[in-house]
Amino acid sequence: MASTGETKPSEKQADLNQKLDQYRRQIDEIDETLLSLLNKRLGIAREIGTIKGKSESPVMDSARESKILKRLFSLNKGPIRNNTLQHIYSEIFGCSRGIQQPEVVAYLGPEATFTHTAAMRYFGRSAELISQASIRDVFQAVEKGSVDYGVVPVENSIEGAVNYTLDLFYETELKICAETYLNISHDLLSKAGALKDIRVIYSHPQAYAQSRKWTHKYLPEVAFQECSSTSEAAQRASKDPHSAAIASSEAAQRYNLQVMAAKIEDVARNITRFLVIGKNEVKPTGKDKTSLMFVTAHMPGALYKVLTPISESGLNMVKLESRPSRHENWTYIFFLDLEGHMNEPIVQGTVAEMKKLCLFLKCLGSYPFTPADHL
């Protein structure tokens with residue numbers, strides 16, 4: 001019988017396997033190059049650390065890291081996304097800082113909370129992360145010098161400001177060294193075999209409120225048990241096979257739970273802003289943000305007068321928040337973010353004019369501006 005010229009299935013598979021092996025060898029070669037370059041980069045970082053030590057400069061330089069990322073974003077042609085690139089470089093930056101001097105970072109705990117996740121993403125897994133029971137404890141750990149930096153939540157796109165964090169800035173001389181954003185997503189975690197086996201849901205009230213539509217639809221008869229954190233909820237669910245927790249995917253890994261349902265939050269775009277607090281000043285990057293705290297006189301038009309220098313200077317105000325003062329009734333503390341760095345003459349002059357019109361004004365820090373839509 002004459003040959004039809006068709007390739008047998010086994011021959012096609014052999015060709016595919018050969019191509020696959022070729023690509024894998026190329027990846028192996030690239031991985032070897034990456035490994036060599038990463039170790040070379042860390043070697044240079046170690047030398048930089050020696051220079052920093054002699055000049056008594058801080059190890060963390062968020063301004064320099066911000067410039068590196070902006071440059072890489074401008075060069076990136078894909079297919080890797082910028083947010084993925086940022087996660088990769090957070091680990092590289094963390095390793096670089098760690099080889100210069102190991103970092104110790106306090107965060108609002110316990111483990112597997114969203115603040116823990118934000119701290120890991122910003123500082124990388126090379127840093128030593130220490131859980132603290134409260135936001136005040138984070139501030140105090142940094143003030144006492146038992147840790148280098150702290151990570152605290154300050155604002156949520158749905159719930160608004162974290163007032164306790166704002167209040168503590170009145171009592172401390174710590175500075176904001178950086179900001180980072182985390183997309184908050186809630187999962188239903190459990191050891192139960194099916195949703196029908198769940199008798200109670202453990203959750204922080206805020207996480208439960210943000211997932212109310214889903215729970216009312218799929219678990220309408222299940223009781224809710226309040227917990228101090230989503231991490232505690234996951235921990236309790238891990239001990240009760242007829243329960244579930246509303247928590248993060250990090251908590252699922254930490255407490256050996258199954259994700260029964262992912263992304264159950266009512267609003268998909270739920271973002272929390274976190275601050276990195278420390279004692280050092282941050283150098284300008286050319287794209288920065290300055291945070292201020294001030295108190296106005298208790299008189300008509302006082303706030304308008306204080307904000308007038310910003311309008312006249314042309315600076316962009318990106319946030320204004322007020323909090324009742326706990327030191328005197330019917331007076332308010334205002335928190336304001338504007339674009340620019342305190343080292344810039346226009347910002348210095350504007351803040352100086354504002355201070356003349358305030359009973360009290362303090363700069364909380366200038367640091368690299370990170371847009372929330374970078375996620």
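Okay, let's start at a loop: P110 sits in the stretch between β1 (104–108) and α4 (114–123). What is special there? The peptide bond running from G109 into P110 is cis, and its omega is near 5 degrees. Before I go on, keep in mind that this is a predicted model.

There's another cis bond to look at. G78 and P79 are joined by one, with omega at about 10 degrees. And where is P79? You'll find P79 in the loop between α2 and α3 (82–100). If you're wondering why I bother pointing these out, most peptide bonds are trans, and most residues other than glycine have a negative phi.

That second half brings me to two more residues. N256 isn't a glycine, yet its phi is positive, near 55 degrees. N256 belongs to the loop between α10 (249–254) and β10 (258–261). Is N256 buried or exposed? Its relative accessible area is 57%, so N256 is exposed, given that the cut-off for exposed is over 50%.

Then there's K263, also not a glycine, with a positive phi of about 55 degrees. K263 is in the loop between β10 and β11 (271–278). With a relative accessible area of 61%, K263 counts as exposed.

Right, on to helices. Let's take α12, which covers residues 345–356. It has 12 residues, and from its first C-alpha to its last it reaches 17 Å, close to the 16 Å you'd expect at 1.5 Å a residue. Which residues of α12 are buried? They are V347, T350, V351 and M354. These buried residues take up an arc of only 95 degrees around the axis, so they're on the same side of α12. Have a look at the spacing in those numbers, and remember this: an α-helix has 3.6 residues a turn, so residues three or four places apart point the same way.

What's covering that buried side? The cover over the buried residues of α12 includes two strands you can find quickly, β14 (332–339) and β15 (358–368), along with β12 (288–296) and helix α11 (302–313). Now turn the helix around. On the face of α12 pointing away from the buried side, you get the exposed residues P345 and K356.

Helix α2 is another one to check with a ruler. It runs over residues 62–75, and its 14 residues should span 20 Å at 1.5 Å a residue; the end C-alpha atoms are 20 Å apart, so that agrees. The buried residues of α2 are S62, A63, E65, S66, I68, L69 and L72.

Now for a single residue, A141. You'll see A141 in helix α5 (residues 135–144). Why do I call A141 buried? Because its relative accessibility is 7%, and buried means under 20%. Leaving out residues up to four places away in sequence, A141 touches A106, Q132, S146 and V147. As for P205, it's 64 residues from A141 in sequence, and the two are 27 Å apart in space, C-alpha to C-alpha.

Last stop, the surface. I30, L34 and L38 make a nonpolar surface patch of about 270 Å². One of them, L38, lies in helix α1 (residues 9–55). How does L38 count, then? At 40% relative accessibility, L38 is partly exposed.

That's my tour, thanks for listening!

Conventions: Residues numbered from 1 in each chain as written. Predicted model: local features only at pLDDT ≥ 70, side-chain atom pairs only at ≥ 80, totals over all residues. Heavy atoms only, no water. Helix = DSSP H or I, 4+ residues; strand = E, 2+ residues; numbered from the N terminus. Buried < 20%, exposed > 50% of the residue type's maximum accessible area, 1.4 Å probe, protein only. Contact = heavy atoms within 4.5 Å. Expected span 1.5 Å × (residues − 1). Arc of directions from axis to C-beta. Patch = residues over 30% accessible without salt bridge, like charges linked within 9 Å, V, L, I, M, F, W, Y side chains within 5 Å. Areas by Shrake-Rupley, 256 points an atom, 1.4 Å probe, with all protein chains shown as cover. Salt bridge = Lys/Arg side-chain N within 4 Å of Asp/Glu carboxyl O.
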